[in-house]
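Biologist: I am new to this structure and should be grateful for a close look at a single part of it. Please describe the place where two of its domains meet.

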Amino acid sequence: MVTVNGRFPGPRIVAREGDRVVVKVVSHVPNNISIHWHGIRQLQSGWADGPSYITQCPIQTNQTFVYNFTITGQRGTLFWHAHISWLRASVYGSLIVFPKHNVSYPFAKPHKEVTIMLGEWFNADSEAVIRQALQTGGGPNVSDAYTFNGFPGPLYNCSANNTYKLKVMPGKTYLLRLINAALNDELFFSIANHTFTVVEVDATYVKPFETSLLVITPGQTTNILLKTKPIAPNASFYMLARPYFTGQGTFDNTTGAGILEYETSSNSTTFTPTLPPINATNVVANFTRKLRSLASSQFPVNVPQTADKKFFFTVGLGNSPCPKNQTCQGPNGTKFSASVNNISMALPSSALLQSYFFKKSNGVYTSDFPSFPLHPFNYTGTPPNNTLVINGTKLVVLPFNASVEVVMQGTSILGAESHPLHIHGFNFYVVGEGFGNFDPNNDPKNFNLVDPVERNTVGVPSGGWVAIRFYADNPGVWFMHCHFDVHLSWGLRMAWIVLDGTLPSQKLPPPPSDLPKC
């Protein structure tokens with residue numbers, strides 16, 4: 001497996017708000033590689049964002065590239081990961097951003113802070129898994145286990161000795177920083193016989209609320225305060241992570257486990273939490289609706305009250321014809337594909353940001369991505385007869401600082417399922433969500449423009465829609481894609497061009513001299 005500094009998960013990066021971060025990446029592997037700093041805004045540092053063929057060409061064998069960026073106006077839990085093919089399966093680590101010196105959390109200081117990275121384990125080369133799937137056109141082989149900080153835990157054969165244990169003292173408050181680094185699975189998370197308080201998601205503070213269950217999609221982070229029992233019980237407690245899934249394909253239907261132990265107890269029994277059914281869509285909706293921005297004087301909300309640019313994007317699965325003289329394993333002998341507004345994005349052979357910056361877009365991309373579906377249909381009802389996608393590299397151009405509204409509508413083509421959509425270079429506000437087809441006349445009346453949650457990754461509800469708003473205040477080329485890597489590989493991705501503003505601080509500087517070449 002490909003790892004960073006021989007570690008899985010990779011090294012933790014710790015910084016403070018306002019710090020400059022410099023990371024030298026040296027490739028000693030035969031794979032092309034690039035690293036994305038997930039959730040970092042990259043203001044005026046789009047060259048350091050990391051997605052291959054979007055902001056940079058990948059780092060090739062024996063090459064180096066120095067990522068150099070400043071963390072501006074952000075603090076909390078984020079992570080970094082490989083951003084090419086499926087190398088993210090093993091190339092990832094936490095990125096913890098503390099507040100500035102002498103700035104406290106908006107909650108009481110915890111006794112201790114602990115990072116828990118949830119991941120997926122393959123008893124195979126993940127690159128071979130996706131390579132085979134793309135060749136055959138079928139669904140890829142699923143993972144063999146879920147991991148807590150790299151450990152599969154006691155519920156799998158042969159791995160009882162490889163269990164993550166969180167040792168706690170009674171009567172203390174612990175800040176747990178949870179990161180879903182899994183490749184293709186949204187996860188339910190719970191701790192037996194314990195409740196906790198959610199205080200942050202995607203490195204933005206939220207109004208605290210108590211719960212015994214978390215829903216966390218790939219690419220999302222959640223900070224919780226766990227108050228331990230006042231007297232140490234003679235028991236230990238499973239922490240479980242299990243998938244939420246509503247699609248029609250195969251998935252890893254196993255459960256990853258860690259153990260919460262009190263340091264002074266004898267642990268004679270181990271309690272197990274009750275998790276919702278695999279397809280509990282209403283449970284997911286009830287959880288996400290509790291998330292609200294703190295919206296305080298210290299952490300105000302800057303949600304656009306109106307939108308200069310409005311977009312309606314359908315997101316979901318489709319298919320492509322099987323090449324001649326080949327047998328394909330997708331639906332009805334086709335190949336699986338995925339798309340936004342029925343356009344499945346083909347990655348170029350050079351980086352989009354360089355092509356844009358040096359005005360060499362001819363033959364690389366066009367800027368005519370449709371703002372609305374070309375052929376409207378009943379998105380969550382009976383699918384249309386033609387479910388073939390269009391392949392292309394089309395981008396959307398946004399003026400600097402435009403207020404943007406995007407409604408992302410899930411489709412039921414080849415089955416309705418949730419899609420965790422991540423936008424690079426921006427946080428956005430989740431102003432509305434619902435089931436069924438979005439109603440442009442009535443649904444916007446119920447948008448939350450007071451304290452909507454601010455995120456970098458949001459799950460488009462299974463059989464429903466989500467509406468987001470943000471300001472296009474970050475010049476460059478920015479990727480938007482599903483954070484299920486199988487859907488990303490099938491083309492559920494697109495990109496935005498945000499033009500320069502008028503001031504020097506609103507312009508993208510030239511690329512660094514060591515930017516990798518294709």
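Modeller: The answer below begins with the model and its domains, and then turns to one interface.

This is a predicted model, in which local features need pLDDT of at least 70 and side-chain atom pairs count only at pLDDT 80 or more, while totals for chains, interfaces and linings use all residues. Residues are numbered from 1 along each chain as its sequence is written, and side-chain values use heavy atoms, with hydrogens and water left out.

The chain is divided into domain 1 (1–102), domain 2 (107–293) and domain 3 (309–506); these bounds come from an automatic or database domain assignment. The part chosen here is the interface of domain 2 and domain 3. Taken over C-alpha atoms, the centres of these two domains are separated by 28 Å. Domain 2 brings 35 residues to the contact, and domain 3 brings 35 residues, where contact means heavy atoms within 4.5 Å.

About 2700 Å² of area is buried between domain 2 and domain 3, and carbon and sulfur atoms give 48% of that area. Buried area is the accessible area (1.4 Å probe) that two parts lose on being put together, summed over both.

Polar and charged pairs also cross this interface. The rule finds three salt bridges between domain 2 and domain 3, a salt bridge being a side-chain nitrogen of Lys or Arg within 4 Å of a carboxyl oxygen of Asp or Glu. Arg455 and Asp202 form a salt bridge, with their closest N and O atoms 3.1 Å apart. In addition, 19 residue pairs, both residues at pLDDT 80 or more, are in polar contact across the interface of domain 2 and domain 3. A polar contact is a pair of N or O atoms within 3.5 Å; within protein, one must be able to donate a hydrogen and the other to accept it, and residues adjacent in sequence count only if both atoms are side-chain atoms.

On the side of domain 2 that touches domain 3, at least two residues each are supplied by α1 (126–136), β13 (204–211) and α2 (281–288). Helices (H or I, at least four residues) and strands (E, at least two) are DSSP runs, numbered from the N terminus. That side of domain 2 comprises eleven nonpolar, 18 polar and six charged residues. In this scheme, Ala, Val, Leu, Ile, Met, Phe, Trp, Tyr, Cys and Pro count as nonpolar, Asp, Glu, Lys and Arg as charged, and the others, Gly among them, as polar.
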